[in-house]
There are 2 protein chains.
Amino acid sequence: MRRIRLTIEYDGTNYAGWQRQENGVTVQQLIEENIQKVTGERVTLHGSGRTDSGVHALGQVAHFDTSARMPAEKFCYALNTGLPEDIRVIDSREVPLSFHARFSAKKKHYRYAINNGPHASALFRNFELHVHRPLDVSAMAQAAKALEGTHDFSAFKAVECKLDAVRTVYRSEISTEGSRIYYDIVGNGFLYNMVRIIVGTLIEIGKGKLSADDMLRILESRDRGQAGPTAPAKGLTLMSVEYPEDGDEG
Amino acid sequence: MRRIRLTIEYDGTNYAGWQRQENGVTVQQLIEENIQKVTGERVTLHGSGRTDSGVHALGQVAHFDTSARMPAEKFCYALNTGLPEDIRVIDSREVPLSFHARFSAKKKHYRYAINNGPHASALFRNFELHVHRPLDVSAMAQAAKALEGTHDFSAFKAVECKLDAVRTVYRSEISTEGSRIYYDIVGNGFLYNMVRIIVGTLIEIGKGKLSADDMLRILESRDRGQAGPTAPAKGLTLMSVEYPEDGDEG
């Protein structure tokens, strides 16, 4: 038995998210079905974590076990043949049986894209949120920085999420490129809807409805009711997942 | 009667091109229908030129005449309300009646995007051509430069195109960004399929099937049979159209 690690890029627009479910086609399900076509084995594909419907990935990581003899690096080509064009396996390699896509993950990097120009974009409509009102980028940048460190992020988790909320955020940063605003967050783990609630709060700050200083107050309140609304899924992309075996990129 | 100039962004994936036709929904048709909804007038929308099915635009320009009293700059908002999300009018302004989107156009800028990485991209699949084999970028860059100037581009026009083929190319340039290769061409006008045939030829050069020096030989042959195949539409985007009234960007 070998363990195969996949790196997966997907456009989440047309899927009911990553995780297999009763209603709606999911990325996990389609890849599992294709692994079965290629290997003849029914497998479970373990992702680094779920992503919601409409959320994208440039570097989702998942693993499965197989007794098939195909060279590990050939799996990406074999799987892509059967997968729709909006899901691509961009890397496949053998890993030790001790590797687990979810439990071994050390850091995850998410990016949220906001188009702050006067008009929504026809080309990028599924990959960014359009906000017409000019946002105060420096206030957003200051507020974003306040989240770095180890904190209880209860204020930024969906009410139905019952997990312990202490997480470490290594990077929480606003940058701009023309009229686009990007929010990059790297952490050791994320709560359900955490990034989207943080972004919803940053947008309230950008609009002047909250001040930059409110971010720390909201964080310390541990009260979801204090934070902004959950930003739409389509602007969010899981950029990469980092494992100890990858070495430390710093 | 006033003349209104529109700047339009569209994702060409789901359309039968720009120009109104019997079979298939086109961008021109949808905007004309929405102008009629907004003004009550049946108008003809004159584009700077047609784009094929699958070709995109970040800055297509078109004009129409209207006796509606709406402020010119409001048309973009009024039209976007009724248009699908993959077509956005990003600017509207009044222009002199002497302005013509097609005949007044001075320069057009097209960009073709090639993904030369090992795998196609799930997110950008409709906006770039994936070429798996590593391309010789410096040979492509050298060949691209050979097209600058005023030439007879008969070798790079669709056989059915009967127009005189002398055009001036101001810029013909290859650049890279990671594993992406971009081809930018700015000219005073383009023949049917001209950019896509040039790109098809550049790819043959990048693959080593033709040499960089062959570009000049092909140009001088004025023979479509000497050039490479027509590259797929999806990698091509009309970036902008320049008019004398815009001032000279150099």
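Is Asn193(A) buried or exposed? In this predicted model, Asn193(A) counts as buried because its relative accessible area is 16%, and the cut-off for that class is under 20%. The residue sits in the loop of chain A that runs between strand β9 (180-187) and helix α4 (194-206), and its backbone has a positive phi of about 70 degrees, although Asn193(A) is not a glycine.

A second residue with a positive phi can be set beside this one. In chain B, Arg222(B) has a phi of about 55 degrees, again without being a glycine, and its place is in the loop between α5 (214-221) and β10 (236-242) of that chain. Here the surroundings are of another kind, for Arg222(B) counts as exposed because its relative accessibility is 53%, where the cut-off for that class is over 50%.

From these loops one may turn to the strand that precedes Asn193(A) in the chain. Strand β9 of chain A holds Ile181(A), a residue that counts as buried at 2% relative accessibility. If its neighbours within four places in sequence are left aside, Ile181(A) is in contact with Tyr112(A), Ala113(A), Ile114(A), Asn116(A), Leu135(A), Val137(A), Met140(A), Ile174(A), Ser175(A) and Thr176(A). His100(A), by contrast, lies 81 residues from Ile181(A) in sequence and 34 Å from it in space, as taken from C-alpha to C-alpha.

The arrangement of chain A as a whole is best followed through its domains, which the assignment gives as domain 1 (2-95) and domain 2 (107-242). Over C-alpha atoms, the centres of these two domains of chain A are separated by 27 Å, and the contact between them draws on 16 residues from domain 1 and 15 residues from domain 2. The size of an interface is often given as the accessible area lost when the parts come together. By that description, domain 1 and domain 2 of chain A bury about 1,100 Å² between them, with 56% of this area on carbon and sulfur atoms. On the side of domain 1 of chain A, the residues that lose the most area to domain 2 are Asp52(A), Val55(A) and His56(A), which together make up 40% of what that side buries.

Asp52(A) also takes part in a salt bridge, in which its side chain meets that of Arg196(A) at 3.0 Å, N to O. Across the interface of the two domains of chain A the rule finds one salt bridge, together with 10 residue pairs in polar contact, both residues of each pair being at pLDDT 80 or more. As for composition, the residues of domain 1 of chain A that touch domain 2 divide into four nonpolar, nine polar and three charged.

Lys234(A) offers another view of chain A, from the loop between α5 (214-221) and β10 (236-242). With a relative accessible area of 27%, Lys234(A) is partly exposed. When residues up to four places away in sequence are not counted, Lys234(A) touches Gly54(A), His56(A), Arg125(A), Asn126(A), Phe127(A), Glu128(A) and Leu129(A); among these, His56(A) has already appeared as one of the residues of domain 1 that lose the most area to domain 2. The C-alpha atom of Lys234(A) is also separated by 10 Å from that of Ile114(A), although the two residues are 120 residues apart along the chain, and Ile114(A) is one of the contacts of Ile181(A).

What remains is the meeting of the two chains, where 25 residues of chain B are in contact with 24 residues of chain A. The chains bury about 1,900 Å² between them, 59% of it on carbon and sulfur atoms, and in chain B the residues that lose the most area to chain A are His119(B), Leu123(B) and Arg125(B), together 34% of what that side buries. Arg125(B) further joins its side chain to that of Asp11(A) in a salt bridge, at 3.0 Å from N to O. Across this interface of chain B and chain A the rule finds two salt bridges, and it also finds 10 residue pairs in polar contact, with both residues at pLDDT 80 or more. On the side of chain B that touches chain A, β1 (2-10), β3 (56-66), α2 (75-82) and β4 (87-95) each supply at least two residues, and the largest share, four residues, comes from β4(B). The residues of that side of chain B divide into 13 nonpolar, six polar and six charged.

Definitions and conventions: Residues are numbered from 1 along each chain as its sequence is written. Chains are lettered from A and ligands numbered from 1 in the order in which they are written. Side-chain values use heavy atoms; hydrogens and water are left out. Domain bounds come from an automatic or database domain assignment. Contact means heavy atoms within 4.5 Å. Buried area is the accessible area (1.4 Å probe) that two parts lose on being put together, summed over both. A salt bridge is a side-chain nitrogen of Lys or Arg within 4 Å of a carboxyl oxygen of Asp or Glu. A polar contact is a pair of N or O atoms within 3.5 Å; within protein, one must be able to donate a hydrogen and the other to accept it, and residues adjacent in sequence count only if both atoms are side-chain atoms. Ala, Val, Leu, Ile, Met, Phe, Trp, Tyr, Cys and Pro count as nonpolar, Asp, Glu, Lys and Arg as charged, and the others, Gly among them, as polar. Buried means under 20% relative accessible area, exposed over 50%, partly exposed in between (1.4 Å probe, protein chains only).
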